[in-house]
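Biologist: I should like a close look at a single part of this model, namely its nonpolar core and the aromatic residues within and around it. Please treat it as one connected account.

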Amino acid sequence: MDPPRIPRRTEISWSALEESLGTRLPADYRGLIDDRGPGVVADVVIYGPGDAGGTLDLIGWLDGIQRLVASLRTITCDHFPPPFYPEVGGILPWGLLHGRHIVGWAVTSDDPDTWPVVVLNSEFDGLTLHQVTATSYLLARLPGPEVQQIPIG
């Protein structure tokens, strides 16, 4: 059964989105969103453009995360949580695992196609690093026969 798709209303302007974010995004993620749109794959909710103002709108969701991070840092005197993009080495979220763990990329270089996937637990104090692309991470979460992950870099 195919994952649900959000009906396409307009073509995604990746250059405008990436300009507003201040970085390019990995090609596999752009391809996934172009093909499927934001939605759910296995147990991961994927945010993206194409749902402007909706519940799966990437920019709106990232703004909410930035506000949460700023509040947590005020309370904890900047010692918590880990850095989020655009901070150096920060996490750039794109999804939620089980509705509570942030899934994103570790922005480790200027080449987004080399960024590994990270999962930040719901308490924001534990990270799991996956040296794979976003689509490989999602494929591995699907039920069925063992899926070989495609390493990055």
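Modeller: The model is a predicted one. Its largest nonpolar core holds 40 residues, and the members that touch the most others are Tyr29, Ile46, Trp94, Trp105 and Tyr137. Many parts of the fold contribute: α1 (14-21), α2, β2, α3, β3, β4, β5 and α4 each supply at least two residues of this core.

To place these elements, the chain has 4 helices and 6 strands, arranged along the sequence as α-α-β-β-α-β-β-β-β-α. The strands form an open sheet of 6 in the order β1-β2-β3-β4-β5-β6, with antiparallel pairing. At its edges stand β1 (39-41) and β6 (127-130), each of which pairs on one side only. On average, neighbouring strands of the sheet are turned by 35° against each other, direction ignored. Within the sheet, β2 (residues 44-46) pairs with β3 (residues 91-97) in the antiparallel sense over 3 bridges, and Val45 stands opposite Leu96 in β3. Helix α4 (residues 134-141) lies across β1, β2, β3, β4 (101-106), β5 (117-120) and β6, and runs at about 20° to β3.

Tyr29 is a suitable residue from which to examine the core. Leaving aside neighbours within four places in sequence, Tyr29 is in contact with Trp14, Ile46, Tyr47, Gly48, Pro49, Leu58, Trp94 and Trp105. Ile46, Trp94 and Trp105 also appear with Tyr29 among the core residues that touch the most other members. Tyr29 has a relative accessibility of 0% and therefore counts as buried, the limit being under 20%.

The aromatic side chains add a further layer to this picture. The model contains 7 aromatic pairs. In one of them, the ring centres of Tyr29 and Trp105 lie 5.1 Å apart with the planes at 90°, so the pair is edge-to-face. This pair links distant parts of the chain, since Tyr29 belongs to helix α2 (residues 27-36) and Trp105 to strand β4, 76 residues apart. Trp105, at 2% relative accessibility, is likewise counted as buried. Tyr29 and Trp105 also belong to one aromatic cluster, together with Trp14, Trp94 and Trp115.

A second aromatic pair consists of Phe84 and Phe124, which is tilted, with 6.1 Å from centre to centre and 35° between the planes. Here too distant parts of the chain are linked: Phe84 is in the loop between α3 (58-75) and β3, and Phe124 is in the loop between β5 and β6, 40 residues apart. Both rings belong to buried residues, with a relative accessible area of 1% for Phe84 and 8% for Phe124.

For the chain as a whole, buried residues make up 44% of the 153 residues. Among contacts between residues at least 6 apart in sequence, 42% join residues at least 24 apart. The chain exposes about 8,300 Å², of which carbon and sulfur atoms supply 57%.

How values were computed: Residues are numbered from 1 along each chain as its sequence is written. This is a predicted model: local features need pLDDT of at least 70, side-chain atom pairs count only at pLDDT 80 or more; totals for chains, interfaces and linings use all residues. Side-chain values use heavy atoms; hydrogens and water are left out. Two strands pair if DSSP finds at least two bridges between them. Axes are lines fitted to C-alpha atoms, for helices over the stretch in contact, and angles run from 0 to 180 degrees between N-to-C directions. Contact means heavy atoms within 4.5 Å. Rings of Phe, Tyr and Trp (its six-membered ring) pair if their centres lie within 6.5 Å; planes under 30 degrees apart count as stacked, over 60 as edge-to-face and the rest as tilted. Buried means under 20% relative accessible area, exposed over 50%, partly exposed in between (1.4 Å probe, protein chains only). Accessible areas come from the Shrake-Rupley method with a 1.4 Å probe; for residues, only the protein chains shown count as cover. A nonpolar core is a set of buried Ala, Val, Leu, Ile, Met, Phe, Trp, Tyr and Cys residues joined through side-chain atoms within 4.5 Å.
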